[in-house]
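Please examine the sequence and the structure shown below. The report that follows describes the surroundings of the ligand.

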Amino acid sequence: MTKYLEILDDQLELIKRSRRIVVSRIQEAIARRGICTIALAGGSTPKPLYEKLAQENLPWEQIHIFWGDERYVPADHPDSNQRMARQAWLDQVPMPPNNIHPMPTDAADPYLDAATYDATLRAFFGDQTWPAFDIILLGMGDDGHTASLFPQTAALAVSDRLITVGEKQGEPRLTFTVPLINAAHHIIFLVAGHNKQEALQQIFHSEADGFAYPSKLIEPDHGILWWLLDAAAGDRLTPHDTIYQTNPHPALQNKTILSPVPIPRS
Ligand code: 6PG
């Protein structure tokens, strides 16, 4: 397992950097396997990234889009993660409709919809116990939650299926389980804003509790974990706080802790 942590100067640089990393991972997956599978994050932070990806010239017919979590609302609801990604990216490019695999939210029973999506993934990936996505994009809430895996909830301990029902203040959500996320080749966290500082400090402290800060449970089995932060989020992190190797890049000495990056900055 390899982990990279990068602290970028601001949100614009964060989006520019994440665009570069995501595009290069898409190209790498297509070169290796002919297709690329990506699971998208919801929330506000990834939206400008999706808008930038809509400007890319990629082989859309070889890219399959899934969601890592979804609010339990209709697909045309303003809170829908599917709706956000379609408007920002997917509706702007010639991606074949069958390459877009949204989480269902219309069975009026989140457990039924979770089982349906579980079956969708198993049908797509074949008999892999834990299907390995090429890329899983994640955000993080100021309470340390990720996808719809919230602190101290039952969803955190689910390890016998791919999709489960998360719960935010009593509201159901569909979400990838921790083992499914950790099976991915590349897990990319995008985190912005100083309201995330406290949770990040907890997560980068080795003894932090994963049930209190669920993003701490995201440790890829064999893949690469990328933490991409803006300075506002990562400001309180200092080298000795982290469990990552320091970067030899002089200009980034204090603010970025990562091992040599396989993707040039510019
Ligand atoms: C969701 C997300 C959730 C999100 C965090 C961060 O459906 O809301 O998947 O996990 O990533 O809440 O949200 P922001 O990017 O808006 O801070």
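The ligand is surrounded by 15 residues, of which Ser44, Thr45, Arg71, Ala147 and Lys196 come nearest; a residue counts as near if one of its heavy atoms lies within 4 Å of the molecule. This is a predicted model, in which local features need pLDDT of at least 70 and side-chain atom pairs count only at pLDDT 80 or more, while totals for chains, interfaces and linings use all residues. Residues are numbered from 1 along each chain as its sequence is written, and side-chain values use heavy atoms, with hydrogens and water left out.

By class, this shell has two nonpolar, nine polar and four charged residues; Asp, Glu, Lys and Arg count as charged, Ala, Val, Leu, Ile, Met, Phe, Trp, Tyr, Cys and Pro as nonpolar, and the others, Gly among them, as polar.

The table gives polar contacts, that is, pairs of N or O atoms within 3.5 Å.

| Residue | Atom of the residue | Distance to an oxygen atom of the ligand |
|---|---|---|
| Ser44 | polar side-chain atom | 2.6 Å |
| Asn81 | side-chain N or O atom | 2.9 Å |
| Ala147 | backbone N or O atom | 2.6 Å |

The protein buries 87% of the 410 Å² that the ligand exposes when taken alone, with areas from the Shrake-Rupley method and a 1.4 Å probe.

Key. Polar contact = N/O pair within 3.5 Å; in protein donor to acceptor, adjacent residues only side chain to side chain.
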